[in-house]
Amino acid sequence: MTMRPIGEDDLQGFVDERLDTARRREVEAYLADHPEARARVDRLVDMGDAMRAAFAPIAAEPVPARLNLTRIVEARRRPQRPVWQAMAAGLLLLLGGAAGWGLRDVVSPVPTGIAALAQAASMNYAVYAPDHTRPVELAAADRNELAGWFSARLKRTVGVPDLSGAGYRLMGGRLVATQQGPAGLLMYDDGHGARFVMLMRPMSVPGDAPMQPHTSGTSNGYAWAQDGLGYSLVGAADPAVLHPLADAIRRATSPKAI
Amino acid sequence: MTDMMRLIAPLIPALRRYARALLRNPADADDLVQDCLERAVGRWHQRQAGGDARTWLFAILHNLAVTQMRQRARRGAHMPIEDMAEATLAVAPTQESALRHRDLMCALDALPEEQRSVLLLVTVEGLSYSETAEILAIPTGTVMSRLSRARDRMIQSMDGAEAAVPAKRPLLRRVK
């Protein structure tokens, strides 16, 4: 009977006890004949035991209160308002009536330009990213149709950036309404359940606007304008993840690249 | 909701262990786990139905840890080895085993981040090769080769440490 030769993966599998019985016997027979390999495998087994013993006490510690899941869930339910907003609300109550109402625009100005775009993107992220049933209207398979649809409704040619190089899969898109008219919304996922949306619509001012970070209670984003077309990328991810992605999109959609 | 509690809560001790083994600083590690749990709670509904909660959570934690370690590396912060050993890890009372423990931790800290995470997930967390591959978003073959390299490198550095005990410590001492 000829046996499959023993490889490095078999030795690692032996150390981790991941081999089936038949293969384990073959590896044991091999090790019996090869004292050097035996010595190495024994050391690796000992090292594994030492590592598990070294870190075991951490898992045995009582879980600190701030990592209590019930607390975390409750903290998320409470609406989180910044202190200044609470103070502003108090001020409004004190002033009352028309005087207080008159301050409304000062306290929460209606966003315009890039800020309006950012707000629309965050709102659409909050509505569509958690959607199980129909997060997108048109699936990614119809990439060209998506680009054609957006271009027709936004009345200018827009592209659908491919982020697969950065590890993000295009799920698809839909048309959404904003204060300033129709916008195209694309959705991507990272294969681990995290979704991003990218909103694009023509800006009322032509030209470019520098990239700006924005954040809402549950999401982070970056917004910018290029050649009169505004973009905002929004996701729950860290700005450190989103920023390079936004840069990559801006590069990919720059008129030079198209 | 109850489903989420039932699946996530039992994993918290292991998440803390992995975070601390990677970052080697208890406060930073718990910050990271807290961040991870907040995201997990917020994105629970986005999780693929029927997906494994453990690999999903470890992937979130790992990605956060990598981001933090890279930021740390950019800022040039140190790995606080000396804050660690006695205070937070179980160190056996005898001098010899305390030294061996230190060598083990130093060898682990000396591994490149990509090898260290594979070694920790497989050895300490007891995850299968395919689960580890899923968490790190790399092919299983890459898991195997990193694992093999990580282990040999550990042995090399521990042997080196034994051979040259006095020369080793100053190299790892904190530089302010």
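## Chain B: a helical chain

In this predicted model, chain B is built from 10 helices and has zero strands. Read from the N terminus, its elements run α-α-α-α-α-α-α-α-α-α. As a reminder for anyone looking along these helices, an α-helix has 3.6 residues a turn, so residues three or four places apart point the same way.

Of the 176 residues in chain B, 40% count as buried. If you look at contacts in chain B between residues at least 6 apart in sequence, 67% of them join residues at least 24 apart.

## Two nonpolar cores

The largest nonpolar core holds 55 residues. Those with the most contacts inside this core are B:Tyr18, B:Ala19, B:Leu32, B:Cys36, B:Leu57 and B:Leu61. Which helix gives the most to the core? That is helix H4 of chain B (residues 53-75), with eight residues.

B:Leu32 is a handy residue to click on. Leaving aside its neighbours within four places in sequence, B:Leu32 is in contact with B:Ala19, B:Leu23, B:Leu61, B:Leu64, B:Ala65 and B:Gln68. There is also a second, separate core of 43 residues, and its members include A:Ala121, A:Leu146, A:Ala236 and A:Leu245.

## Where the chains touch

Turning to the contact between the chains, 43 residues of chain B are in contact with 37 residues of chain A. On the chain B side, the elements that give two or more residues are helices H1 (2-8), H2 (12-23), H3 (26-43), H4, H6 (95-110), H7 (113-124) and H9 (140-163). H3(B) gives the most to this side, with nine residues.

By residue type, the side of chain B that touches chain A divides into 23 nonpolar, 11 polar and nine charged residues.

## The sheet of chain A

Chain A offers an open sheet of seven strands, in the order S1-S2-S3-S4-S7-S6-S5, with antiparallel pairing. Its edge strands are S1 and S5 (209-215), each of which pairs on one side only. For background, strands of a sheet pair through backbone hydrogen bonds, either parallel or antiparallel.

Let us walk in from the S1 edge. Strand S1 (residues 138-139) of chain A pairs with strand S2 (residues 169-178) in the antiparallel sense over two bridges, and A:Ala139 has A:Gly172 in S2(A) as its bridge partner. S2(A) is then joined by nine bridges to strand S3 (residues 181-189) of chain A, again running antiparallel. Here A:Leu170 stands opposite A:Tyr188 in S3(A), and a hairpin links S2(A) to S3(A) through two residues. At the S5 edge, five bridges join S5(A) to strand S6 (residues 220-226) of chain A, and these two strands run antiparallel. Within that pair, A:Pro213 stands opposite A:Tyr222 in S6(A).

## Helices H8 and H9 of chain A

How does helix H8 (residues 113-128) of chain A lie, and across which strands? H8 lies across S2, S3, S4 (195-202), S5, S6 and S7 (229-235) of chain A, running at about 140° to S4(A).

Helix H9 (residues 143-154) of chain A allows a quick geometry check. At 1.5 Å a residue, its 12 residues should span 16 Å, and the end C-alpha atoms are 16 Å apart, so the two values agree. The expected span is 1.5 Å times one less than the number of residues in the helix. Just after H9(A), A:Lys155 takes a positive phi of about 60°.

Technical notes. Residues numbered from 1 in each chain as written. Chains lettered and ligands numbered in written order. Predicted model: local features only at pLDDT ≥ 70, side-chain atom pairs only at ≥ 80, totals over all residues. Core = buried A, V, L, I, M, F, W, Y, C linked by C-beta atoms within 7 Å. Buried ≥ 20, exposed ≤ 12 C-beta atoms within 10 Å, placed from the backbone. Helix = DSSP H or I, 4+ residues; strand = E, 2+ residues; numbered from the N terminus. Contact = placed C-beta atoms within 7 Å. Pairing = 2+ DSSP bridges. Nonpolar A, V, L, I, M, F, W, Y, C, P; charged D, E, K, R; others polar. Axes fitted to C-alpha atoms, helices over the stretch in contact; angles between N-to-C directions.
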